[in-house]
Amino acid sequence: MHPNEALFANEAFYLAFAEGDFPAMEQIWSQRDSLVCIHPGWSALLEREAILASWQAILGNAEQPKIAHYGARAVPMGNCVAVICYEELPGSVLAATNVFVEEGGRPRMVAHQSGPCSSPPEKAPAGGRFDS
């Protein structure tokens, strides 16, 4: 899988998250590979059914704070691509790792983890980008 495909899938993940679109979220997750999802403050979820139930609860929660993401970078890792980015919520920023594999010719998520970030990078100016 090309890193740009994983970046595109990462965008689809955050769009589904932002719009509360559970059917889209369900399609993003792999149907055949082992999975892991660790929401901030939660125990690790390792079964597809539990992961999808967690997303259904999160996306269906009218009081769920709005989330934005920035700084996505793709890191090829063997047969998968990890996308590292930052999730911005009101009053905090989380560092996130989203891992994708190719399944049926499309990138599918096999892992998501996010947690507090004490010193996140600044967002790039509109239309700009950061180089490291």
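The following exercises, with worked solutions, concern a predicted model of a protein chain.

**Exercise 1. Overall architecture**

Determine how many helices and strands the protein chain has, and in what order they run.

Solution. Begin with the count: the secondary structure comes to 3 helices and 5 strands. Next, read the elements from the N terminus on, which gives the order α-α-β-α-β-β-β-β.

**Exercise 2. Dimensions**

Determine whether the radius of gyration of the protein chain agrees or disagrees with that of a compact globule.

Solution. Start from the chain length of 132 residues, for which a compact globule would have a radius of gyration near 14 Å. The protein chain has 14 Å, so the value agrees with the globule rule. To complete the picture, consider the principal axes, along which the C-alpha trace spans about 40 × 35 × 25 Å. Finally, turn to the contacts with a separation of 6 or more: residues 24 or more positions apart account for 46% of them.

**Exercise 3. Surface and charge**

Describe the exposed area of the protein chain and its charged side chains.

Solution. The protein chain exposes about 7600 Å². Carbon and sulfur atoms supply 53% of that area. As to charge, there are 8 positive and 15 negative side chains, and the centres of these two sets lie 4 Å apart. As to burial, 37% of the 132 residues are buried.

**Exercise 4. The nonpolar core**

Identify the residues that touch the most other members of the largest nonpolar core, and the elements that give two or more residues to this core.

Solution. The largest nonpolar core holds 33 residues, of which F13, Y14, F17, M25, W29, I51 and W55 touch the most other members. The elements that give two or more residues to this core are the helices α1 (3-19), α2 (22-28) and α3 (48-59), together with the strands β3 (80-89), β4 (92-103) and β5 (106-116). Now take F13 as an example. With neighbours within four places in sequence left aside, F13 is in contact with M25, I28, W55, N98, M109 and H112.

**Exercise 5. Two consecutive residues of strand β5**

Classify H112 and Q113 as buried, partly exposed or exposed, and list their contacts.

Solution. Locate the residues first: H112 is found in strand β5, and Q113 also has its place in strand β5. Buried means under 20% relative accessible area. H112 has a relative accessibility of 3% and therefore counts as buried. Q113, with a relative accessible area of 44%, is partly exposed. Then examine the contacts, not counting residues up to four places away in sequence. H112 touches F13, Y14, W29, V36, C37, I38, H39, W55, E87, T97 and N98. Q113 is in contact with I38, A95, A96 and T97. For one of these partners, A95, the C-alpha atom is separated from that of Q113 by 8.3 Å, with the two positions 18 residues apart along the chain.

**Exercise 6. A helix residue and a loop residue**

Classify E26 and G78 as buried, partly exposed or exposed.

Solution. E26 lies in helix α2. Its relative accessible area is 30%, so E26 is partly exposed. Neighbours within four places in sequence aside, E26 is in contact with R48 and L52. The C-alpha atoms of E26 and Q56, 30 residues apart along the chain, are separated by 9.0 Å.

G78 is placed in the loop between β2 (68-77) and β3. Exposed means over 50% relative accessible area, and G78, at 82%, therefore counts as exposed. The C-alpha atoms of G78 and V101, 23 residues apart along the chain, are separated by 9.8 Å.

Note on methods: Residues are numbered from 1 along each chain as its sequence is written. This is a predicted model: local features need pLDDT of at least 70, side-chain atom pairs count only at pLDDT 80 or more; totals for chains, interfaces and linings use all residues. Side-chain values use heavy atoms; hydrogens and water are left out. Helices (H or I, at least four residues) and strands (E, at least two) are DSSP runs, numbered from the N terminus. The radius of gyration is taken over C-alpha atoms; the globule rule is 2.2 Å times the number of residues to the power 0.38. Buried means under 20% relative accessible area, exposed over 50%, partly exposed in between (1.4 Å probe, protein chains only). Contact means heavy atoms within 4.5 Å. Accessible areas come from the Shrake-Rupley method with a 1.4 Å probe; for residues, only the protein chains shown count as cover. Lys and Arg count as positive and Asp and Glu as negative; His and the chain ends are not counted. The place of a charge is taken as NZ of Lys, CZ of Arg, CG of Asp or CD of Glu. A nonpolar core is a set of buried Ala, Val, Leu, Ile, Met, Phe, Trp, Tyr and Cys residues joined through side-chain atoms within 4.5 Å.
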